[in-house]
Amino acid sequence: MRLEPHVDTTPGNVPDGARNLAREPGTVGIERATHFGNTAFYNDGDKGQNEDDWNDERKGASWWGYTWPRAYLMNKVVFTGGQMFGDGGWFAQDLRVQVRRNHQWVDVSGQRVTPDYPYDNTRHDRDAARRLAGGSHR
């Protein structure tokens, strides 16, 4: 575990569809649980690898994401599903994007998903982009 004191920052970027913020220095993956602990798979670009959160616990919620040591502007989140199992491997409902504001996680308003997320065990081997309405969010 590594703890660093919070430092307020101002975003120094402009939204850029070619820039993957998940690969920026200081990016830390966060999740509810990991099955194998392969957090480096989240943003390595290899869609043949994946991580899941199986730990023999039925979860009411699950989350995956990133934190950064500074503020960034962003207007799109791309989720790529991984391996499916007979009893899980997908979000069943309420897929949404949250950002941290004033140390609290809050839903981003006006989200759109393209293509639609199926909420079942349909193949998820394509990217689902969450477009964040209202411009950029930090």
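Asn102 is exposed, with a relative accessible area of 72%. In this predicted model, Asn102 sits in the loop between β4 (98-101) and β5 (104-107), and its phi is near 50 degrees, a positive value in a residue other than glycine. From that turn, the tour below moves on to the salt bridges, then to a buried asparagine, and ends with confidence.

**The β4–β5 hairpin**

- Strands β4 and β5 form a hairpin with two residues between them, and the two strands pair in the antiparallel sense over four bridges.
- If you would like a pair to look for on screen, Arg101 stands opposite Gln104 in β5.
- Which residue in the turn has a positive phi of about 50 degrees? That is Asn102.
- His103 also lies in the loop between β4 and β5. The phi of His103 is near 70 degrees, again a positive value in a residue other than glycine.
- Is His103 buried or exposed? His103 counts as exposed because its relative accessibility is 56%, which is over the 50% cut-off.

**Salt bridges around Arg96**

- The count of salt bridges comes to four.
- One of them joins Asp107 to Arg96, and the closest N and O atoms of this pair are 2.8 Å apart.
- Asp107 lies in strand β5 and Arg96 in the loop between β3 (76-80) and β4, so this salt bridge ties together parts that are eleven residues apart in sequence.
- Asp107 is partly exposed, with a relative accessible area of 42%. Arg96 counts as partly exposed too, at 39% relative accessibility.
- Which residues are linked with Arg96 in a network of salt bridges? Asp94 and Asp107 are linked with Arg96 in that network.

**Two further salt bridges**

- Glu57 forms a salt bridge with Arg32, with 2.8 Å between the closest N and O atoms.
- This pair links distant parts of the chain: Glu57 and Arg32 are 25 residues apart, and each is in the loop between β1 and β2 (64-67).
- Glu57 is partly exposed, with a relative accessible area of 37%, and Arg32 counts as partly exposed at 29% relative accessibility.
- Glu24 forms a salt bridge with Arg19, and here the closest N and O atoms are 3.0 Å apart.
- Glu24 is buried because its relative accessible area is 18%, which is under the 20% cut-off.
- Its partner Arg19 is partly exposed, with a relative accessible area of 33%.

**Asn13, Val14 and Leu73**

- Asn13 lies in the segment before β1 (28-31), and Asn13 counts as buried at 9% relative accessibility.
- What does the side chain of Asn13 reach at 2.9 Å? The side chain of Asn13 reaches the backbone nitrogen of Leu73.
- Leaving aside neighbours within four places in sequence, Asn13 is in contact with Arg19, Leu21, Tyr72 and Leu73. Arg19 is also the residue that forms a salt bridge with Glu24.
- Val14 is likewise found in the segment before β1. Whereas Asn13 counts as buried, Val14 is exposed, with a relative accessible area of 61%.
- How many residues apart in sequence are Val14 and Leu73? They are 59 residues apart in sequence, and 6.4 Å apart in space, C-alpha to C-alpha.

**How confident is the model?**

- The mean pLDDT of the protein is 82, and 88% of its residues reach 70 or more.
- Where is confidence highest in the protein? Confidence is highest in β5, at 91. That is the strand in which Asp107 lies, and the strand that pairs with β4.
- At the other end of the scale, confidence is lowest in strand β7 (residues 127-132), at a mean of 58.
- Over residues 133-138, pLDDT stays under 50. For these residues the model has 23 contacts beyond four places in sequence.

Definitions and conventions. Residues numbered from 1 in each chain as written. Predicted model: local features only at pLDDT ≥ 70, side-chain atom pairs only at ≥ 80, totals over all residues. Heavy atoms only, no water. Buried < 20%, exposed > 50% of the residue type's maximum accessible area, 1.4 Å probe, protein only. Polar contact = N/O pair within 3.5 Å; in protein donor to acceptor, adjacent residues only side chain to side chain. Contact = heavy atoms within 4.5 Å. Salt bridge = Lys/Arg side-chain N within 4 Å of Asp/Glu carboxyl O. pLDDT = per-residue confidence, 0-100. Pairing = 2+ DSSP bridges.
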